[in-house]
Amino acid sequence: MSRVVDIIIDGENYRAEENSLLIDLLIQEGIKVPYFCYHETLGADGNCRMCMVGIEGQKRPQIACDTLVKEGMVVNTKSDTIREVRKNILELELINHPVDCPTCDQAGECSLQDFYMEYGLHNSKITIAQKVKHDKAIDLGANVMLDQERCVLCARCTRFTAEITKTHELGIVGRGDDAKVTTMPGRTLENDYAMNVVDLCPVGALTSKDFRFAQRVWFLESSEGICHGCAKGCNIFIDHNKLKYKDDTIYRFRPRRNDAVNGFFICDAGRLSYKELQEMRQESATLHGREISQEAAKEAFHNLLLLHQNSIAVVIDANLYTEEIESIINFANTIDAKIYAPLDIYKDASFADEMLKSSMRAANYKTIENLGITTSTPQNATLIINCNHPQEFRADATINFFTHRRETQALTLPIAAYTESSGSLTNEDNITQYSKQAVFKNSPLPTISDYLQGLGYE
Amino acid sequence: MRECKIVSKKFHLPNSHTLSVARKNGGYEALEKLKEYSPTQIVAIIKASGLRGKGGGGASAGEKWELMPQNSEKPSFLVVNCDESEPGTFKDRQIISYDPHLLIEGIIITCYAIKAKQAYIYIRGEYKEYQDILQGAIDEAYGAGLLNACDITIHRGAGAYICGEKSALLESLEGKRGHPRLKPKQKEPEWYFGNPTLVNNVETIASVPFIVQNGAEAYRAFGTQKSPGTLLFAMSGHINTPGVYEAEFGTNMLEYIEQYGGGVKNGKKLKAVIPGGVSCGVLTAKECEGLTLDYEALRAVGSTLGTGGMIVMDADTSMPEVLKNILEFYHEESCGQCTPCREGSGWSDKIMKRVLDGEGSKEDLEKLFELADTMNGKTICVFAPSISIVLLSFLTKFRKEFEALVL
């Protein structure tokens, strides 16, 4: 553990670990510093030269991503010289950039745009009409599209495939202003985390095929959520928008930084899992495959409970929020039903890897274990109340609480998906996280606890 | 001007590249000294000789050798930089084609001094012809049992100028893209796959046998106090007898050009000299008067000695065209890693083209000055600062020629 030292930045005192990276301190303290290539996980590469700061005693401006914090260091990030240097380098960054912001998906969340507003705002002095031409709209594979002309060659994407996924699909070829990102000969981008390069790309060079031209980012609302793809509990942003006359719709998931869980990244499977939340949903109560009224459903529910008294099993999905699970347990105790949560069905060794993907494809299975719920399949019950568990169970009668439509003749009640409700989850490492409701549908569906309350079980 | 041949002693002999001719003329005799001296003693001798790196930087070789650990758990490596690509420079080529055994002898001694068992010679891809001569000499040396203590492997570059920069060279040698590395925060050796490594120019290593055999003082008998010894100075351009001629540091530049180069071609007047490869600031004929060829003297006139490869230009030379030629080279060769260099090299070249095409304006010349400032000292390696130096030296010293084009 190195010692903590005093350092002055723009006349203010700060304390930081000696020999830590200056740029980390600037980012942490919210001191504005422009950069393309630096990334907390990928480290310093020193190629974009944007994070220039003045260091007292140094003749020339230095890049903050390659400067170590020293005792008594005096840093200045706001002087005219520094602004000028940043502006000049930015100008160079822009000379071969197509400036096609109106058709670029990155517009609104583009570092190049942001830095131009902050440091540039210059009239173009570019007298050379012909910019360097490269390829646009290259399908790299794995839902990632590349526009070589927009690229600032920060090498974040190539470093990601070299250092994080170690799959080495991407590289930079060519020299000078002819340098460009591309896939290695004969290869396509192909790994389970490939789409993270879209988030890593500070400009519109790498865009998601899935999100391209779908929405302008400034119309999107970003809600914080937890991915339900597996037991890892990766933190995500749920980007959604309610267009006029339309329903609240999710357009993408993005990773949300949490160093204790997922760092900066999420897997592509999790990222694309938002789609199934909006497809094949159970939207109304059904019986024998036909839509029935809420009153009829309520009556059928009560009748079944009465008919099968003392022979009821409740089966809980290990993806439900802890609060839901608890109210289901209360309900089950009230009606004297046995509680089950079979976990075998969630196990998928082929999904797992050493990065973020867990072999348990259930977001809250740890809570099932922690609460000591029986994980075997229900036995000897004549009525099974299936609380969205993916498995099909045999019994004389069944009541289903389903988010998605399934082949069934039984009484089925539609429930809200996890993005449409709030609650806690405990991940496989026993970290409990809260996931807030992101999506507010025009006709919201109830949660299981909402139903139970409405049915008189609290 | 006295004749002094340390490195080029055997160049004139027929079949000088063969082991038998080398041996007959004193080749490999310095190896006898290895029985006498310990590795650290060799390092001390090199340091005492004041030998300076001859690849362009002119840093003290001994100090660099001292950075190599003598008791390393990891293997140490020697890398000989033969990626000679600086326009105007063609001296290492002479060594590997006319006296490759001198280089091999130097490698054996250096490996002994830094306790390396493996040496790599990183050779410019275009030097295939000379590489074959060198490989022949290495094979001969193996055959004669000279390479028992260390192995020599030639690695052929793929033609990028930037791989002459030592850290980019090592990246390339590791099989990666030739990009210079961020500079270390303290003095340390270079690293090849994480192992301590010494990178030296061909001529530096070829100077080692003389020093070890004759002692530091014998070397210091040549040159100046701060720039001891000799350099394979070279000349090209508008002179009668271009070529490589060894001379001691401190030699008068114009006398050298006169004596070895036979003066400016066709009796024309001298206009300018680029002293040590294109990356050194250009000197006017007036600045060359009385100028001596050593690191300090060149620095004093705002240029650098570089590799000592002089480009001589006569009075009819168009300086804007020379600048365009050089900028084209930089545009082609910038590795593209740092923004100022990647974009600045291309932009300055394109502006210069406009100017030469008669489409330029005064603002274009101003922009070149601005670019020179943005490219100076703001990148990982010294490629962009070199463009700066070149731009500024041409634009300020021959300003009228440029202004005439934008009127």
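What follows is a chat about a predicted model with chains A and B.

Visitor: Before we start, how are things numbered and filtered here?
Guide: Residues count from 1 along each chain as its sequence is written, and chains are lettered from A in the order in which they are written. As the model is predicted, local features need pLDDT of at least 70 and side-chain atom pairs pLDDT 80 or more, while totals for chains, interfaces and linings use all residues.

Visitor: OK, how many helices and strands in chain A?
Guide: Chain A has 10 helices and 22 strands, taken as DSSP runs numbered from the N terminus (helices are H or I, at least four residues; strands are E, at least two).

Visitor: And which domains does chain A get?
Guide: Domain 1 (4-93), domain 2 (95-208) and domain 3 (286-454); such bounds come from an automatic or database domain assignment. The C-alpha centres of domains 1 and 2 of chain A are 24 Å apart.

Visitor: Switching to strand S16 of chain A: where does it run, and how many of its residues are buried?
Guide: S16(A) covers residues 312-316, and 5 of its 5 residues are buried. Buried means 20 or more other C-beta atoms within 10 Å of the residue's own, exposed means 12 or fewer, and partly exposed is in between, with C-beta atoms placed from the backbone. Ile312(A), Val314(A) and Ile316(A) point one way, Ala313(A) and Val315(A) the other.

Visitor: Which strands does S16(A) pair with?
Guide: One is S18(A) (residues 383-387), parallel over 5 bridges, with Ile312(A) opposite Leu383(A). Another is S17(A) (residues 338-340), also parallel, with 3 bridges; there Val315(A) has Tyr340(A) as its bridge partner. Pairing takes at least two DSSP bridges between the strands.

Visitor: What's between S16(A) and S17(A) in the β-α-β unit?
Guide: Helix H8(A), residues 322-334, and the unit is right-handed: with the strands pointing away from the viewer, the path from the first strand over the helix to the second runs clockwise.

Visitor: Now chain B. How many residues of each chain are in contact?
Guide: 26 residues of chain A and 30 of chain B, a contact being two C-beta atoms, placed from the backbone, within 7 Å. Helix H2(A) (residues 80-95) gives the most to chain A's side, with 6 residues.

Visitor: Why does Lys378(B) count as buried?
Guide: Because Lys378(B) has 24 C-beta neighbours inside 10 Å. Lys378(B) is in the loop between helices H15 (362-375) and H16 (383-397) of chain B.

Visitor: What does Lys378(B) touch?
Guide: Not counting residues up to four places away in sequence, Lys378(B) touches Arg49(A), Pro61(A), Val85(A), Ile89(A) and Pro340(B).
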